[in-house]
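Student: I would like a close look at one part of this model. Please take me through the helix packing and the enclosed space, step by step.

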Amino acid sequence: MSLNQDWIVAEDAICRISQSRHLRVARFRLSSGQHWCVFGGNGAGKTLFADYLVGRLRSGSGRIHYPGDLDPARDIAVVSFERQQALQSFDQRHDISEYSEAATDAGTTVRALLHPAGQDDEAPSVSGSLINELGLTGILRQGIRSLSSGQMRRAMLAAALLRRPRLLILDEPLESIDRQSRQRITDTITRWQSADNASLVLNRRRAGLVPGMTHMALMQDLSLVSVGAAVALQPRIEEVLPPLPPVPATLPGPVTSHVPEQLPVGQPLIRLQDVSVRFGDHVVLDRLSWTFDPGQHTLIEGPNGCGKSTLLALITGGSHKAYGQSVWLFGRRRGSGESVWEVKSRFGVVSNELHVQYLRGWKVIDVVVSGFFDSVGLYRDAGASEVAAARQWLRAVGLEGLERAGYHEISFGQQRLALLARAMVKQPPVLVLDEPCVGLDDRYRSRILDLIDRIAEGGRTQLLYVSHTTGEAPGCINQWLRFERRSGGTFHVHVTPWSVS
């Protein structure tokens, strides 16, 4: 294979995305030995551009050409948030645990993801080395439904590389993962890069740039605006991230018909005493005790797979593991007669698990209004006051003008913002933010952190904030719950006052 052989050539392409939106690619050439960073803000069109390159979008004009013998279906592997959503949504739809005698269904395991359809590994030494390199050895039998976002990202990267692709497309490979996983992924990617393959990494943040990039493309408003050597274009990336308007001075108030019920005065909102959770032989939470009092805003930290998402599911009604244990919510013990919907009504949630449940068919405004009813989708008529509140919150998160767009048509980061608006329309006593900044560029991250602090200042809502990113916690945080690994592999939870030092 010769160096710098053209693999993809796109010229004068215009792809219709919707009635008023078009992707435009004037000229782009990708060759062997080139490693591209495609940089742009939320909604710039990076994912659509990648879809176009692999043949998933048709252009109304212009052309895309694959010189030589490159076959997109065979030679291009993609690791993206959208692909992760599709895999986990498919697995959730095929969950048969409620029909199983053991009440469990692992679904697609990590091993099956790496070697689909029972295919034998043609190079066991390569497979074993990659699995060890990405820290997957201990979770091969684990179902992908139970993986943390970081574990899923590492598993998808391994599955992609085991296909031996000539072109690897990665959407923010370092997003929403702990420091150790970032290093594993970075090392794996840089070792894989060579003159005989090519890569294209989609980035919206400076902090997500992967070493070894030789070329860069800048995107804005669904168009490639600059292409060239990475060293020349990297200083210009701020040009495609124009500033956003500030957070509104006044946030929307509660809708009269959805005013939250008054909480018991002087009692903890959440109290757990010696709570344990295990799945089979795997201990996730080990005798956890924690109290979340009025006025507290808690940062929850820990490595991928330590149990953060399990903890959140335990208290928000998403897990049956709370029953029979000392889990108290808003002055009432779980399992004492309350319904799951009564529990959910007290929480607003932004999480990866919720994100993957929204499929095609919903308008952005429908997704936000559904927050009043704690449903995934809107299945009842909404009143004028509910729709008005949804519009106000879309304006607050910076999505004004997108209310009639299809939820599946906006970018992953914009979907995340819509979920925050969905969580806040009912003014919940507790707002659960599980990696809320995933998929957001630097300007939106700054805006959302400001918005979260404004929400906390209002006094009606307290925060549970999960993050892997150092320095990303909002300023209102005053309690720190962190998971630390024990020598036996389980995790101990420390609860202390928050200190920025």
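Tutor: What follows is a walk through helix contacts and then a cavity. Keep in mind that this is a predicted model.

Start with helix H13, residues 384-397. Its partner here is helix H14, residues 412-424. The two axes come within 9 Å and cross at roughly 135 degrees. Angles over 145 degrees would count as roughly antiparallel. H13 and H14 are therefore oblique to each other. H13 passes H14 in a right-handed crossing. On the H13 side, the contact uses Trp393, Leu394 and Val397. H14 answers with Leu417, Leu420, Ala421 and Met424. The class count for this contact of H13 with H14 is 7 nonpolar, no polar and no charged residues.

Now stay on H13 and turn to helix H15, residues 442-457. These two helices pack at an angle of about 125 degrees. Their axes are 10 Å apart. That angle makes H13 oblique to H15. H13 brings Trp393, Arg395, Ala396 and Val397 to this contact. H15 brings Tyr444, Arg447, Leu451 and Ile455. By class, the contact of H13 with H15 has 6 nonpolar, no polar and 2 charged residues. Trp393 and Val397 of H13 thus appear in the contact with H14 and in the contact with H15.

Go back to H14 for the enclosed space. A search of the whole structure finds 1 cavity of 30 Å³ or more. The largest cavity holds about 70 Å³ of space. H14 supplies at least two residues of its lining, as do helix H3 (81-93) and helix H11 (352-355). H3 gives the largest share, 4 residues. The lining residues are Phe81, Gln84, Gln85, Gln88, Ser149, Asn352, His355, Val356, Phe412 and Arg416. By class, this lining has 3 nonpolar, 6 polar and 1 charged residues. Set that beside the contact of H13 with H14, with 7 nonpolar, no polar and no charged.

One lining residue, Ser149, leads to the last contact. Helix H6 spans residues 149-161. H6 packs with helix H7, residues 179-192, at an angle of about 15 degrees. The axes of H6 and H7 are 11 Å apart. Angles under 35 degrees count as roughly parallel. H6 and H7 are therefore roughly parallel to each other. H6 passes H7 in a left-handed crossing. From H6, the contact takes Arg153, Arg154, Leu157 and Leu161. From H7 come Ser181, Arg184, Ile185, Thr188, Ile189 and Trp192. By class, the contact of H6 with H7 has 5 nonpolar, 2 polar and 3 charged residues.

To recap: H13 is oblique to H14 and to H15, while H6 and H7 are roughly parallel.

Note on methods: Residues are numbered from 1 along each chain as its sequence is written. This is a predicted model: local features need pLDDT of at least 70, side-chain atom pairs count only at pLDDT 80 or more; totals for chains, interfaces and linings use all residues. Side-chain values use heavy atoms; hydrogens and water are left out. Axes are lines fitted to C-alpha atoms, for helices over the stretch in contact, and angles run from 0 to 180 degrees between N-to-C directions. Angles under 35 degrees count as roughly parallel, over 145 as roughly antiparallel, 65 to 115 as roughly perpendicular and the rest as oblique. A crossing is left-handed if the near helix is turned anticlockwise from the far one by less than a right angle, and right-handed if clockwise. Contact means heavy atoms within 4.5 Å. Ala, Val, Leu, Ile, Met, Phe, Trp, Tyr, Cys and Pro count as nonpolar, Asp, Glu, Lys and Arg as charged, and the others, Gly among them, as polar. On a 1 Å grid over the protein atoms alone, a cavity is a set of points where a 1.4 Å probe fits but cannot get out, and a pocket is an open set with protein on both sides within 12 Å along at least five of seven lines; lining residues have an atom within 4 Å of a point. Grid points are joined across faces, edges and corners, and a volume is the space filled by probe spheres set on the points.
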